[in-house]
Amino acid sequence: MTRAHFGLIGLGVMGENLVLNAERNGFSSVVFNRTYSKTQEFLSTLGSGKKIEGATDLEDFINKLERPRRILMMIKAGPAIDSVIEQISPYLEQGDLLIDGGNSEFRDTERRVAQLERKSFGYIGMGVSGGAKGALEGPSMMPGGTKASYEAIESLVSKMAAQVEDGPCVTYVGPGGSGHFVKTVHNGIEYGIEQILAEAYDLMKRLAGMNGNEIADVFGIWNATEELSSYLVEITEVCLRQKDPFDQETGLVEKIMDKAGQKGTGLWTVVSALELGASVPTIYASLNGRVMSSMKDQRMLAESILKGPKSISFDMGSIEQGMPLLMDAVVLATMASYAQGMELLRIASDEYQYNLHLPSIAQIWKGGCIIRSRLLKRIQDAFNSNPQLVNLLIDPWFADQVNCRILGLSKVVAAAAENGVPVPCLSSTLDYINSYRTGRLPQNLVQAMRDCFGSHTYERIDKHGSFHTEWLD
Ligand code: NAP
């Protein structure tokens with residue numbers, strides 16, 4: 001009996017598309033899903049006529065795979081992963097390898113890598129980004145675990161991944177849970193950019209009184225620029241042009257409830273940043289934007305009680321020119337999201353000894369994934385030309401962008417404030433940049449207060465050592 005090259009557990013939207021991708025790339029596959037009827041349905045529809053067979057149970061699944069086995073789990077993150085590991089472990093043999101391609105918490109992955117490697121099985125925690133279409137046509141993949149485990153799946157994942165000019169969008173990320181950590185930060189950056197684009201839409205609608213098509217035109221213009229050309233800007237234009245199927249006169253976006261959830265990775269990015277002392281205010285603002293959005297009833301009540309400032313007019317520039325002031329703001333906030341994400345990766349890499357190679361991470365995000373953009377080439381170049389770069393914004397090309405666009409960002413944030421329009425990501429970015437470029441911040445006074453009430457001591461700028469003053473005598 002010929003055994004399959006590759007096994008997949010979990011026929012959700014991602015699993016289905018990934019197995020079709022593997023098969024298209026020459027890897028015969030066997031699939032298992034907890035609910036067998038889903039396997040049958042898949043094999044009689046999308047999987048029909050392909051080198052994909054189904055398994056009724058895990059023993060059958062294992063027996064249909066060539067050794068050493070390469071098994072991708074594409075299931076709900078959390079306890080489901082531990083449960084599948086427990087059920088499949090009795091059938092595994094030395095050298096077999098499990099890959100968790102879901103959005104698992106990186107510390108869970110650390111634990112599972114250690115647990116499986118102890119038993120001489122391989123375990124890879126692999127972030128996968130690209131949604132259903134990316135999974136089918138070529139996603140960005142972020143695998144972490146031992147180097148030997150990665151080498152056992154390299155031929156498979158390099159064929160399945162998106163391809164860009166300098167290779168496939170997959171690389172060995174690092175040990176332990178590093179692959180899932182990188183995916184988490186990818187999603188944090190994604191949260192940031194989505195919120196930034198939503199704020200730009202809101203400003204065009206509320207301050208400039210533009211309709212959906214006019215706003216879409218601006219996103220179309222932005223998508224043709226080096227600074228903003230990206231998948232998220234592209235789909236923003238698409239979303240804004242979509243008409244309501246029940247009312248062809250109105251854009252569908254205007255009929256969608258203004259509540260966004262947050263599934264875990266955005267929160268984990270912010271929690272990790274706080275734990276590691278990394279500053280990610282633009283990303284945090286996007287997470288909080290979603291939290292505020294979910295408080296719909298309270299916001300509706302407060303709208304009738306709390307008054308904002310009186311409206312003033314503000315000219316953001318012409319539609320044909322792509323509203324240059326607003327573009328300044330969106331470009332800098334987008335760059336800040338990437339800068340904060342990359343800085344978090346740099347700090348985590350030191351703390352967790354992941355030895356992350358930031359140019360390679362920028363490279364594997366250039367295709368397939370949700371945050372793919374032309375800017376990532378600049379990010380890759382910046383970290384290649386200066387491996388010690390502590391923050392993207394002080395790379396010469398990015399610094400020029402900040403210096404040229406900071407006035408535009410400042411004017412947009414000021415106008416939003418004067419009109420009472422919330423722009424959490426844009427305003428956080430402005431504060432982030434202004435704090436970062438200020439050599440002397442007012443935390444000297446904070447230190448004085450802390451020493452005054454709690455004898456916490458302070459350092460001086462002109463003498464070495466730790467000082468305490470009896471302030472209240
Ligand atoms: P999903 O809806 O997250 O999960 C569905 C799959 O998980 C089904 O096959 C389901 O089996 C299985 N499952 C759930 N609980 C299980 C358990 N206790 N034991 C065994 N199997 C169990 O599917 P998805 O959207 O394809 O996502 C899969 C993973 O990829 C998730 O971690 C997700 O966060 C991540 N991800 C998703 C996307 C996306 O765009 N959707 C993108 C990147 C990453 P049954 O059919 O039996 O219920």
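**Two pockets and an open sheet**

In this predicted model, the largest pocket has a volume of about 2,000 Å³. Its lining is made up of 42 residues, and those closest to the centre of the pocket are Ala 198, Asp 202, Asp 258, Ser 293 and Arg 299. Four elements, namely α8 (178–206), α10 (231–241), α12 (281–294) and α13 (296–303), each give two or more residues to this lining, and the largest share, 10 residues, comes from α8. Sorted by class, the lining of the largest pocket holds 20 nonpolar, 13 charged and 9 polar residues.

The second largest pocket encloses about 1,200 Å³ of space. It is lined by 45 residues, of which Ile 75, Lys 76, Ala 77, Gly 102 and Asn 103 are the closest to its centre. The elements that supply at least two residues each to the lining of this second pocket are α1 (13–24), α4 (79–88), β6 (122–129), α8 and α11 (265–276). Helix α8 again deserves attention, since the lining of the second largest pocket takes 5 residues from α8, the most that any element gives. By class, the lining of the second largest pocket divides into 20 polar, 15 nonpolar and 10 charged residues. With regard to domains, this lining draws at least three residues from domain 1 (6–176) and at least three from domain 2 (183–436).

From the pockets we can turn to the sheet, an open arrangement of 7 strands in the order β3-β2-β1-β4-β5-β6-β7, in which the pairing is mixed. The edges are occupied by β3 (52–54) and β7 (140–144), and because each of these strands has a single partner, one side of each is left without a neighbour in the sheet. From one strand to the next, the twist averages 25°.

Within this sheet, strand β4 (residues 70–73) pairs with strand β5 (residues 97–100) in the parallel sense, over 4 bridges. In this part of the sheet, Ile 71 stands opposite Leu 98 in β5. Strand β5 also has a helix lying across it, for α5 (residues 106–118) lies across both β5 and β6 and runs at about 150° to β6. Strand β6 thereby links two parts of this account, as a strand that α5 lies across and as one of the elements that supply at least two residues to the lining of the second largest pocket.

Conventions: Residues numbered from 1 in each chain as written. Predicted model: local features only at pLDDT ≥ 70, side-chain atom pairs only at ≥ 80, totals over all residues. Heavy atoms only, no water. 1 Å grid on protein atoms, 1.4 Å probe; cavity = no way out; pocket = protein on both sides within 12 Å on 5 of 7 lines; lining within 4 Å. Points joined across faces, edges and corners; volume = space filled by probe spheres on them. Nonpolar A, V, L, I, M, F, W, Y, C, P; charged D, E, K, R; others polar. Domains from an automatic or database assignment. Pairing = 2+ DSSP bridges. Axes fitted to C-alpha atoms, helices over the stretch in contact; angles between N-to-C directions. Contact = heavy atoms within 4.5 Å.
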